[in-house]
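Work through the exercises below with the sequence and the model at hand. Each task is followed by a solution in steps.

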Amino acid sequence: MMAAMRIVSIWIRGEDGQPALDPALGRADDPELKRKVLAYLHSGLGVLRASGLTEDRLDPANGKVVPLIYMTDGEWIWSGSDIYYLERHGILPRAEFLAHMAAHDYKAPPVSMEAGREAAKLLRR
């Protein structure tokens, strides 16, 4: 049996019930770290995708530019918004996910089809 996958997000529920950026997240001041993390995030297996784009919550003037996709490395699940907000606004993922990436030397492991199906199933709950 596979270990339970963890879904990670840069968003928390704000006081008004709407998504708010997690204030505990760090910023990518180191270009090399940003490059490594982006490479890892881009190399995950896409498991759920919707057509269209959603609005940039941090800078609505950018319009609908955030991809609607979820990806996995078989242990963690993240969204295309995590990639977008790191690329555009320098927002790093949660510390425990960053530690996981570092432990894998910033190289996402191959994902089995079974793990991909499990990730998609988790996201549809």
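A pocket here is an open set of grid points with protein on both sides within 12 Å along at least five of seven lines. The structure is a predicted model.

**Exercise 1.** State how much space lies in the largest pocket, and describe its lining by residue, element and class.

Solution.
- Step 1: The space in the largest pocket comes to about 310 Å³.
- Step 2: Its lining consists of 20 residues, and those nearest the centre are Arg 57, Leu 68, Tyr 70, Ser 79 and Ser 81.
- Step 3: Two or more lining residues come from each of strand 4 (45–55), strand 5 (64–72) and helix 2 (80–89).
- Step 4: Sorted by class, the lining holds twelve nonpolar, five polar and three charged residues.

**Exercise 2.** Find which ring Arg 57 lies over.

Solution.
- Step 1: Arg 57 is one of the residues nearest the centre of the largest pocket.
- Step 2: Arg 57 also sits over the face of Trp 11, 4.7 Å from the ring centre.

**Exercise 3.** Classify the aromatic pair of Trp 78 and Phe 97 as stacked, tilted or edge-to-face, and place both residues in the chain.

Solution.
- Step 1: The whole structure contains six aromatic pairs.
- Step 2: In the pair of Trp 78 and Phe 97, the centres are 5.3 Å apart and the planes make an angle of 40°.
- Step 3: Planes under 30 degrees apart count as stacked and over 60 as edge-to-face, so this pair is tilted.
- Step 4: Trp 78 belongs to strand 6 (residues 76–79) and Phe 97 to helix 3 (residues 95–103), and the two are 19 residues apart.
- Step 5: Both Trp 78 and Phe 97 are buried.
- Step 6: Together with Tyr 40 and Trp 76, they form one aromatic cluster.

How values were computed:
Residues are numbered from 1 along each chain as its sequence is written. This is a predicted model: local features need pLDDT of at least 70, side-chain atom pairs count only at pLDDT 80 or more; totals for chains, interfaces and linings use all residues. Side-chain values use heavy atoms; hydrogens and water are left out. On a 1 Å grid over the protein atoms alone, a cavity is a set of points where a 1.4 Å probe fits but cannot get out, and a pocket is an open set with protein on both sides within 12 Å along at least five of seven lines; lining residues have an atom within 4 Å of a point. Grid points are joined across faces, edges and corners, and a volume is the space filled by probe spheres set on the points. Helices (H or I, at least four residues) and strands (E, at least two) are DSSP runs, numbered from the N terminus. Ala, Val, Leu, Ile, Met, Phe, Trp, Tyr, Cys and Pro count as nonpolar, Asp, Glu, Lys and Arg as charged, and the others, Gly among them, as polar. Rings of Phe, Tyr and Trp (its six-membered ring) pair if their centres lie within 6.5 Å; planes under 30 degrees apart count as stacked, over 60 as edge-to-face and the rest as tilted. Buried means under 20% relative accessible area, exposed over 50%, partly exposed in between (1.4 Å probe, protein chains only). A charge sits over a ring if NZ of Lys or CZ of Arg is within 6 Å of the ring centre and within 35 degrees of the ring normal.
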